[in-house]
Amino acid sequence: MLTKNKNSDIVICPSVLAADFSNLASDIATISTADWLHFDVMDGHYVPNLSFGPVVAAAVKPHSDLALDVHLMVSQPDDWFEAFAEAGADSLVIHQEVAVHANRSLQRIKELGCSAGMAINPGTPIETLYEHLPYLDLVLIMTVNPGFGGQSYINSMDDKIRRMRKMIEQSGYNIFLQVDGGITRDNIERVAACGANAFVAGSGIFKKSDRAAEIKLMRELAEKGYSG
Ligand code: DX5
Ligand code: ZN
């Protein structure tokens, strides 16, 4: 299950997609001061890219104490729940745009002992999440169009994050508001001020030589901005 550091409201989630795949275990060791390991699963169908599956998740799991936050950018997410839960996933995050029987899917994720998350693409309204809030531990607002790391944050997502934070507050449910795509030291304070409290960062962390320092800086900046 996903939890947060008791000394901070902020969750930093380095994205494995930006790691050195030829030295995955040692590269992941450099981000051990983060909170969750963000694992971008892409099927080459829902998004125009192909990444990795449960066998890589199982290989990574013993090499990190971080929770494994699995982002399923796949057309048939339900087909993968058992395999990723078996591989050690702490969360399974499905896209609202492909969740035909979302209520059943979210309940199945919980039955498997994982935290349940739902992601929406930049063009998908937050209102599509409303009925699911009682079943969610995490909402993921995509701040780039999914499929690739290294893209730029879409600035119009600021307002969407503010509205999402308000919807979560009014619901009374304890739900992480995660953002994903183009998050760096240059925008994390502003995005936290909009109401996000969990931050995926691929290139923003892995492109730095001192990753521990970058994670520390990003956490401090986010804590400065966040008023949740
Ligand atoms: C994009 C993925 C993101 C991406 C983040 O489809 O969901 O998690 O890896 O990478 P950066 O932080 O480089 O935008
Ligand atoms: Zn992601």
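1. Ligand 1 occupies the space of the second largest pocket, and since the model is a predicted one, what follows should be read as a description of computed geometry. That second largest pocket holds about 220 Å³ of space. Its lining is made up of 24 residues, and Asp40, Phe148, Gly149, Asp180 and Gly181 are the ones nearest its centre. Two or more residues of this lining are contributed by each of β2, β3, β8 and α7 (203-206).

2. By class, the lining of the second largest pocket divides into 11 nonpolar, 11 polar and 2 charged residues. The shell around ligand 1 has been classified as well, and there the division is 8 nonpolar, 10 polar and 2 charged.

3. Which residues come nearest to ligand 1? Among the 20 residues around the ligand, they are Asp40, Gly147, Asp180, Gly202 and Ser203. Asp40 and Asp180 also appear among the residues nearest the centre of the second largest pocket.

4. Three polar approaches to oxygen atoms of ligand 1 deserve a closer look in the viewer. From the side chain of aspartate 40, an N or O atom lies 2.8 Å from an oxygen atom of the ligand. The backbone takes part too, in that a polar backbone atom of glycine 150 is 2.8 Å from an oxygen atom of ligand 1, and a backbone N or O atom of glycine 182 is likewise placed 2.8 Å from a ligand oxygen. As for how far the ligand is covered, ligand 1 taken alone exposes 380 Å², of which the protein buries 100%.

5. In terms of secondary structure, the elements that supply two or more residues to the shell around ligand 1 are β2 (36-42), β3 (67-73) and β8 (198-201). Strand β2 accounts for the largest share of that shell, with 3 residues.

6. The largest pocket should be considered as well, and its volume is about 310 Å³. It is lined by 16 residues, with Lys4, Asn174, Ile175, Phe176 and Asn197 closest to its centre. Helix α5 (residues 157-171) gives the most to this lining, contributing 3 residues.

7. How do the residues lining the largest pocket divide by class, and what numbers are nonpolar, polar and charged? The lining of the largest pocket has 7 nonpolar, 4 polar and 5 charged residues, whereas 2 charged residues are counted in the lining of the second largest pocket, whose space is taken by ligand 1.

Methods
Residues are numbered from 1 along each chain as its sequence is written. Chains are lettered from A and ligands numbered from 1 in the order in which they are written. This is a predicted model: local features need pLDDT of at least 70, side-chain atom pairs count only at pLDDT 80 or more; totals for chains, interfaces and linings use all residues. Side-chain values use heavy atoms; hydrogens and water are left out. A residue is near a molecule or strand if one of its heavy atoms lies within 4 Å of it. A polar contact is a pair of N or O atoms within 3.5 Å; within protein, one must be able to donate a hydrogen and the other to accept it, and residues adjacent in sequence count only if both atoms are side-chain atoms. Accessible areas come from the Shrake-Rupley method with a 1.4 Å probe; for residues, only the protein chains shown count as cover. On a 1 Å grid over the protein atoms alone, a cavity is a set of points where a 1.4 Å probe fits but cannot get out, and a pocket is an open set with protein on both sides within 12 Å along at least five of seven lines; lining residues have an atom within 4 Å of a point. A molecule sits in a cavity or pocket if more than half of its atoms lie within 2 Å of its grid points. Helices (H or I, at least four residues) and strands (E, at least two) are DSSP runs, numbered from the N terminus. Ala, Val, Leu, Ile, Met, Phe, Trp, Tyr, Cys and Pro count as nonpolar, Asp, Glu, Lys and Arg as charged, and the others, Gly among them, as polar. Grid points are joined across faces, edges and corners, and a volume is the space filled by probe spheres set on the points.
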